[in-house]
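Please open the model in a viewer and keep the sequence panel in sight. The tour below proceeds by selection, with the findings given at each stop.

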Amino acid sequence: MAVLETIVVAFWAMLPAYVPNNAAVLAGGGRPIDGGRTWNGTRLLGDGKTWRGTAAGILAGLALAAVLTLLAPEVSAAIDIEVPEFTVPAAVALAAGAMLGDILASFLKRRTGRQRGAMFPGVDQLDFVVVSLPLTALLATDWFRTWFTWDVILVVVVLTPVLHVTTNVIAYKLGLKNEPW
Ligand code: CTP
Ligand code: MG
């Protein structure tokens, strides 16, 4: 695959995993998932992981996957690069996997003594990739093999932290997020 083609496919295929985190920031609030429960005196997840944010994130990822699937044939023809249409299992795995990765990261942050909102370099940027990709490989194996070739995976691992840092700085400057990470 040509470099540009690889980048376009990686970005398109990952969009349903990228958007849930941002949607969760916009929609978050209300009851925390852990219900306030603690483990060894520290919150299980913390107030930053809510039911509403998680549900909104997954729904946003699914909605985006549906829109991208409708657009894929026309976009592929227009830019002469074949971009993926999403199957239902692929969309679910990408969107839910992204939210699950973010939740697991919070769990790890609390266990390592990091307060809500604390920075965890590396984990903050790649948590959703680490869960959404294996989950997609598991739930949508053929789709995953078709689109997530090794070069696409490499681009995802490099591109995701860059996009994550950029969008979070923007969200912070717009006053949507409390911290720029
Ligand atoms: N959010 C949410 N539910 C989620 C993820 C995020 O409601 N599953 C919302 C919360 O309002 C959260 C904000 O989005 O404060 C920012 O998300 P994030 O940076 O992931 O959470 P933090 O507040 O930094 O908490 P943590 O340290 O646990 O990651
Ligand atoms: Mg945070």
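Begin with G113, just after α3, where phi takes a positive value of about 80°. Helices (H or I, at least four residues) and strands (E, at least two) are DSSP runs, numbered from the N terminus. The model is predicted: local features need pLDDT of at least 70 and side-chain atom pairs count only at pLDDT 80 or more, while totals for chains, interfaces and linings use all residues. Residues are numbered from 1 along each chain as its sequence is written, chains are lettered from A and ligands numbered from 1 in the order in which they are written, and side-chain values use heavy atoms, with hydrogens and water left out.

**Helix α3**

Select residues 88–111, which make up helix α3. How far apart are the end C-alpha atoms of helix α3? They are 34 Å apart, which agrees with the 34 Å that 24 residues should span at 1.5 Å a residue; the expected span is 1.5 Å times one less than the number of residues.

**Two positive phi values outside glycine**

Move to N40, in the loop between β1 (38–39) and β2 (42–43). N40 is a residue other than glycine, yet its phi is positive, near 50°. Its relative accessible area is 73%, so N40 is exposed. Here buried means under 20% relative accessible area, exposed over 50%, and partly exposed in between (1.4 Å probe, protein chains only).

Next select D80, in the loop between α2 (51–79) and α3. D80 is not a glycine either, and has a positive phi of about 60°. With a relative accessibility of 70%, D80 also counts as exposed.

**Along helix α2**

Select E74 in helix α2. E74 counts as exposed, at 64% relative accessibility. Add P32 to the selection: the C-alpha atoms of E74 and P32 are 41 Å apart in space, and the two residues are 42 apart in sequence.

Then select G53, also found in helix α2. Is G53 buried or exposed? At 4% relative accessibility, G53 counts as buried. From the C-alpha atom of G53 to that of A90, 37 residues away along the chain, the separation is 21 Å.

**Ligand 1 and its surroundings**

Centre the view on ligand 1 and display the 19 residues that surround it; a residue is near a molecule or strand if one of its heavy atoms lies within 4 Å of it. The closest are K49, T50, S106, R116 and G117.

Select K49, in the loop between β2 and α2. K49 counts as buried, at 12% relative accessibility. An N or O atom in the side chain of K49 is 2.7 Å from an oxygen atom of ligand 1. The K49 side chain also makes a polar contact with the side chain of D102, at 3.0 Å. A polar contact is a pair of N or O atoms within 3.5 Å; within protein, one must be able to donate a hydrogen and the other to accept it, and residues adjacent in sequence count only if both atoms are side-chain atoms.

Now add T54, where a side-chain N or O atom lies 2.9 Å from a nitrogen atom of ligand 1. At G117, a backbone N or O atom is 2.7 Å from an oxygen atom of ligand 1. Taken alone, ligand 1 exposes 570 Å², of which the protein buries 90%; accessible areas come from the Shrake-Rupley method with a 1.4 Å probe, and for residues only the protein chains shown count as cover.

**Charges over rings**

Select R111 with F107: R111 lies over the face of F107, 5.0 Å from the ring centre. Then select R114 with F120, where the charged end of R114 sits over the ring, 3.7 Å from its centre. The criterion is NZ of Lys or CZ of Arg within 6 Å of the ring centre and within 35 degrees of the ring normal.

**Aromatic pairs**

How many aromatic pairs does a search of the whole structure find? It finds six. Select Y18 and F128: their ring centres are 6.0 Å apart and their planes at 80°, so this pair is edge-to-face. The pair links distant parts of the chain, with Y18 in helix α1 (residues 3–27) and F128 in helix α4 (residues 123–139), 110 residues apart. Both Y18 and F128 are buried.

Continue to F144 and F148, with ring centres 5.1 Å apart and planes at 15°, so this pair is stacked. Rings of Phe, Tyr and Trp (its six-membered ring) pair if their centres lie within 6.5 Å; planes under 30 degrees apart count as stacked, over 60 as edge-to-face and the rest as tilted. F144 is buried, with a relative accessible area of 13%, and F148 is buried at 4%.

Finally, add F86 and W143 to the selection: together with F144 and F148, they form one aromatic cluster.
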